[in-house]
Amino acid sequence: MKSNLDRFAVYKPFAHDTISVVPYLVGSPSFYTGNVDVARQVSVGGHKCSFHKPTEASLAFLLWGMNIIAADGETWRKHRRVVGPAFNNELYQMVWTETLKTYGDMIAAEGWEGKQEIDVPVIQTLTFKLALLIIGKCGFGFSFNWFSPPRSKDGSLSIQEALRIVTDSHMIAVFLPQWIQNLPIKKMKEIREAHHKLLGFMKQQVEERRVEVRASLSEGSGGRHDAFTMLVKANEDEGKLKLSDEELIGNVFVMLFAGHETTAYTLAATLGFLAYHQDLQDEVYDQIVSVVGLERDPTIEDYPSLDKVLAAFYEGVRLFPAGHLMIRQAYEDTVLKIPNPVGEEGITTVPVPKGTNVIVDMVGVQYNPRYFDNPGEYRPSRWYGVNNESESFSAFSIGSRACLGRKFATLESVCFLSLLLRDFRIQPALKAGETKDQWRDRVLDAKIALTLGVNDVPVKLVRRV
Ligand code: HEM
């Protein structure tokens, strides 16, 4: 069976991991690369880089206002100066604490306390809910919980439900023509209601936070620590370079999209791999028990010692790199220095005319045998002892435009996995007559939406203690 992750096969006939693709009929050639050195040349940004992020590549992120992901050049620097400080230790502590709390809520709300075996037909139903609640609480500062009713007593949508609908329908809102979105059908009406509700709410929140931040600055008190509040706070210090309210909202929303689906899919893939590889799951479990024991909750201070849990997650990100395409464009005539194939010394310099797209194919990078021995194999030990911030792990991108939420995602995931894997052994939920290998082939393959993700992962949770 041909896998959607077999993208490196594209490069094999050419013996190069950077290729030029010429369209049959119209359009100019583009480069596709699975090479980290080439990726670095085009994706790092900054004055010396001849490539930028074209607006067409970021349309999916521009629905709510300009933001750090879509911006480029000076505009990006302005956004980064405000958004960067929001990712600080106070936020990270909040991510850990809220993940612990949300895990507890999940167990109670799903009725799993005391249950010995639980069938979970699609693990994504849990990981998406977790990621949405954590980004909602830590990114937006909302008090969400695992089972809140979708509509309040007066029949209006709850903010939590509006956020869920907006996230789930993002591709519709971006790509479907406006006249279809305006049709008086139930689904479209619901999406419009959710957008309207959320936007009104966000505007009111910006104003509320501004008042709070000014009060806490003048009183010297602490105030809230969610990313939204931090953003408003950082923006207050910016004088002339302040972001507008629309840009603030654009950035809060982009965090929702950048930080929700990515983490949720990767957690699902990681659990799928660990279900298939019971020996690797036991290795991770042994570390959790030796670091945290069986009684107490893991703390953020345990995080550096839970390196096998992190490695299991990193290997999930590598094999299912959620940010699978990074599109850059030459804004001037330039060259690419392309390393020759393995076994041949040196580089080949290729001219790149202004306007040429270079597409960093993250699946190509992560499955490139130049960097990984037997790249298709799930082997977390590749990351044992590798510094957490290391660029040898490239699936969060590299350079100054690398993922700002890397630590957010890894803290959330390590905390959640440590709790879940300590309580339960994860096993593949097989169909009647299906073998484990058939389950792997059916389940551990990719599908592509806004990000790249794993197929639905059906598992069985078996209580360990
Ligand atoms: C497994 C989880 C994640 C993966 C694999 C991932 C991957 C990436 C990649 C590849 C980029 C570079 C995109 C490009 O240059 O075109 C990126 C950028 C970014 N990510 Fe993530 N991400 C993850 C989670 C998160 C989370 C949880 C957040 C926020 C809470 C986040 C926020 C961002 C932001 C703000 C940027 C833009 C940085 C900039 O351009 O300065 N990401 N991410």
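Reader: By class, what makes up the lining of the largest pocket?
Author: The lining has 33 nonpolar, 10 polar and six charged residues. Nonpolar here covers Ala, Val, Leu, Ile, Met, Phe, Trp, Tyr, Cys and Pro; charged covers Asp, Glu, Lys and Arg; the others, Gly among them, are polar. This is a predicted model: local features need pLDDT of at least 70, side-chain atom pairs count only at pLDDT 80 or more, and totals for chains, interfaces and linings use all residues. Residues are numbered from 1 along each chain as its sequence is written, and side-chain values use heavy atoms, with hydrogens and water left out.

Reader: What makes a space a pocket, and what makes a residue part of its lining?
Author: A 1 Å grid is laid over the protein atoms alone; a pocket is an open set of points where a 1.4 Å probe fits, with protein on both sides within 12 Å along at least five of seven lines. A lining residue has an atom within 4 Å of a point. The largest pocket holds about 1300 Å³. Its lining counts 49 residues, and K53, F61, I69, A258 and G323 are the closest to its centre.

Reader: Which element gives the largest share of that lining?
Author: α10 does, with eight residues. Other elements that give two or more include α2 (73-83), α12 (307-319) and α14 (406-423). Helices are DSSP runs of H or I with at least four residues; strands are runs of E with at least two; both are numbered from the N terminus.

Reader: What makes C403 a donor to the iron atom of the ligand?
Author: Its SG atom lies 2.3 Å from the iron. Donors are N, O and S atoms within 2.8 Å of the metal (3.2 Å for Na, K and Ca), so this sulfur qualifies. C403 is the single donor from the protein. Water is not among the atoms, so sites may look incomplete. C403 sits in the loop between α13 (362-366) and α14.

Reader: Why is the W112 and F424 pair called edge-to-face?
Author: Rings of Phe, Tyr and Trp (its six-membered ring) pair if their centres lie within 6.5 Å; planes under 30 degrees apart are stacked, over 60 edge-to-face, the rest tilted. W112 and F424 are 6.1 Å apart, centre to centre, with 80° between the planes, so the label fits. W112 is in the loop between α3 (89-110) and β4, and F424 in strand β9 (residues 424-428), 312 residues apart.

Reader: How do you know whether W112 is buried or exposed?
Author: Buried means under 20% relative accessible area, exposed over 50%, partly exposed in between (1.4 Å probe, protein chains only). W112 has 4%, so it counts as buried. F424 is buried too, at 0%.

Reader: Which way do the side chains of β4 (residues 117-120) point?
Author: They alternate. I118 and V120 point to one face and are buried; E117 and D119 point to the other and are not.

Reader: What makes β4 and β12 (residues 459-463) a pair?
Author: Two strands pair if DSSP finds at least two bridges between them. β4 and β12 have four, in the antiparallel sense. One bridge joins D119 to K460.

Reader: Why do β1 (18-21) and β3 (51-52) count as edges of the open sheet?
Author: The sheet runs β1-β2-β8-β5-β3, with mixed pairing. β1 and β3 each have a single partner strand, so one side of each lacks a neighbour in the sheet. Within the sheet, β5 and β8 (residues 357-361) pair in the antiparallel sense over five bridges. There, the bridge partner of Q329 is N357.

Technical notes: Grid points are joined across faces, edges and corners, and a volume is the space filled by probe spheres set on the points.
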